[in-house]
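Student: I am new to this one. Please walk me through it, one question at a time.

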Amino acid sequence: MKNYTKKLVLEDGHELFGYGFGADTERVCEIVFNTSVVGYQEILSDPSYTDQMVVMTYPLIGNYGITDEDYETKFPSIGAMVVRENNNLPSNFRYTKTFGEVLEDNGIPAISGLDTRMITRILRKSSSQRAIITSVDTTKEEALAKIAATPIATDLVSRVSCRKRWFSRTPNHKYDIVAIDCGLKYNIIRSLNACGCNVTVVPYTTSAEEILSFNPDGVLVSNGPGAPTDVPEVVATIEALKGRVPMMGIGLGHQLIALAYGAKCSRMTPGHRGGHPVKVLESGKILMTAQNHSFVVDGQSLAQTDLTLTHVSLLDGSVEGFEHKGDKVLSVEFHPESAPGPQDAGELFDQFIEMIKK
């Protein structure tokens, strides 16, 4: 029996002991859980997890290592990770580093040896809470005091958005898309490239006039971290673009478009992270989707706008998608690009292209 080296203390007082790996540092984060069986690298590098401590419910993490081609961003900004078992000897001909090595390289602490499914049950029954990974020598009282003294960040999008515009080209392209980067995942760009689109990625502070100066066929408002009310400048940009160019929203971008049309958003308890069934209202089709969000568009407020509900969650009935046919707007809470997750929702990119064609 090895001596414990780290412990996890939740805001509600739960204290769990385990083994530290990754960066040897103390970290306070909002704690959330993800039910995905595979895809820990994509989760690790998803900018939407900035400053969040992610509990992986699947018990074995790290068994296929980390591969250079599979990142969703260049610099992972996740807060911390909690796993049942960390495999430090991957079996995969593609892997270049271990899970722990990448965490250490990027200053991300992690803890293993905990019952992650028990932690998940705690998080499902409680309101949103924060937690700390700290030394075993830290008392519970000291840990709770550190959590209480840590301010909640509201600058997450500014930390992960690009500083300057950049481009992703594809041979024989048919359409030009501008992507507003609120924490954009690389696989969204790959999916648009596969649809014959050149993509110009711009910072979240880019004005509507500058976006229109690129003469785009469509605009995509990306996923990202934090609350939608933290980035009112993007809401103002969307308001200025309404009806002037086709738009697609994903994740945080979906929530921002909703705000621009007068709807409201609220925090969920718990959020959706992992595989999730969604119903397409027009066809009755059921999609298995990949999700990652703490906030949701309020259904009652959506009904008071010009937006039309298109997708709902089969688990809790929450808003998962809407459209505005007149303004050519298509928006979903889930991730049609997946990475990781089921591929059912990839057809949303084709629908965006069809909307542009019309």
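Tutor: Begin with the barrel. Seven strands close into it, with mixed pairing, in the order β1-β2-β8-β6-β4-β3-β9. Strands are DSSP runs of E with at least two residues, helices are runs of H or I with at least four, and both are numbered from the N terminus. Two strands pair if DSSP finds at least two bridges between them.

Student: What does the twist average from one strand to the next in that barrel?
Tutor: Axes are lines fitted to C-alpha atoms, for helices over the stretch in contact, and angles run from 0 to 180 degrees between N-to-C directions. From one strand to the next, the twist averages 35°.

Student: What kind of model is this, and how are residues numbered?
Tutor: Residues are numbered from 1 along each chain as its sequence is written, and side-chain values use heavy atoms, leaving out hydrogens and water. Local features need pLDDT of at least 70, side-chain atom pairs count only at pLDDT 80 or more, and totals for chains, interfaces and linings use all residues, for the model is predicted.

Student: Which helix packs on the sheet and touches β1, β2, β3, β4 and β6?
Tutor: Contact means heavy atoms within 4.5 Å. The helix in question covers residues 116–125, and its direction makes about 95° with that of β3. It is α3.

Student: Which helix lies across β1, β2, β3 and β9?
Tutor: Look at residues 140–149. They run at about 60° to β1. This helix is α4.

Student: Is strand β3 largely enclosed or open?
Tutor: Buried means under 20% relative accessible area, exposed over 50%, and partly exposed in between, with a 1.4 Å probe and protein chains only. Strand β3 covers residues 27–34, and seven of its eight residues are buried. The rest of the structure therefore leaves β3 largely enclosed.

Student: Which residue in β9 is the bridge partner of Arg 27?
Tutor: β3 pairs with β9 (residues 130–135) in the antiparallel sense, over four bridges. The partner of Arg 27 there is Ile 133.

Student: Which residue in β4 stands opposite Ile 31?
Tutor: β3 and β4 (residues 52–56) run parallel, joined by five bridges. Opposite Ile 31 stands Met 53.

Student: Which residue in β8 stands opposite Val 82?
Tutor: Strands β6 (residues 80–82) and β8 (residues 109–112) run parallel, with two bridges between them. Val 82 faces Ile 111.

Student: Is Glu 30 buried or exposed?
Tutor: Glu 30 lies in β3. Beyond its neighbours within four places in sequence, its contacts include Met 53, Arg 130, Arg 267 and Ser 294. With a relative accessible area of 17%, Glu 30 is buried.

Student: How far apart are the C-alpha atoms of Glu 30 and Ser 283?
Tutor: Along the chain, these two are 253 residues apart. Their C-alpha atoms are separated by 37 Å.

Student: Now the other sheet. Which are the edge strands of the open sheet?
Tutor: Ten strands form it, with mixed pairing, in the order β10-β12-β11-β13-β14-β19-β18-β17-β15-β16. Each edge strand pairs on one side only. They are β10 (166–168) and β16 (286–297).

Student: What does the twist average there?
Tutor: Go from one strand to the next in the open sheet. The average is 25°.

Student: Which residue in β16 is the bridge partner of Gly 275?
Tutor: β15 (residues 265–280) and β16 pair in the antiparallel sense over eleven bridges. The partner of Gly 275 is Ala 290.

Student: Which helix packs on the open sheet and touches β13, β14, β15, β16, β18 and β19?
Tutor: Look at residues 252–260. Their direction makes about 125° with that of β14. The helix is α9.

Student: Which residue does a cis peptide bond join to Thr 269?
Tutor: Omega is about -10° at this bond. The residue is found in β15. It is Pro 270.

Student: Is Ala 339 buried or exposed?
Tutor: Ala 339 sits in the loop between β19 and α11. Its phi is positive, about 55°, although it is not a glycine, and its peptide bond to Pro 340 is cis, with omega near 0°. At a relative accessible area of 12%, Ala 339 is buried.
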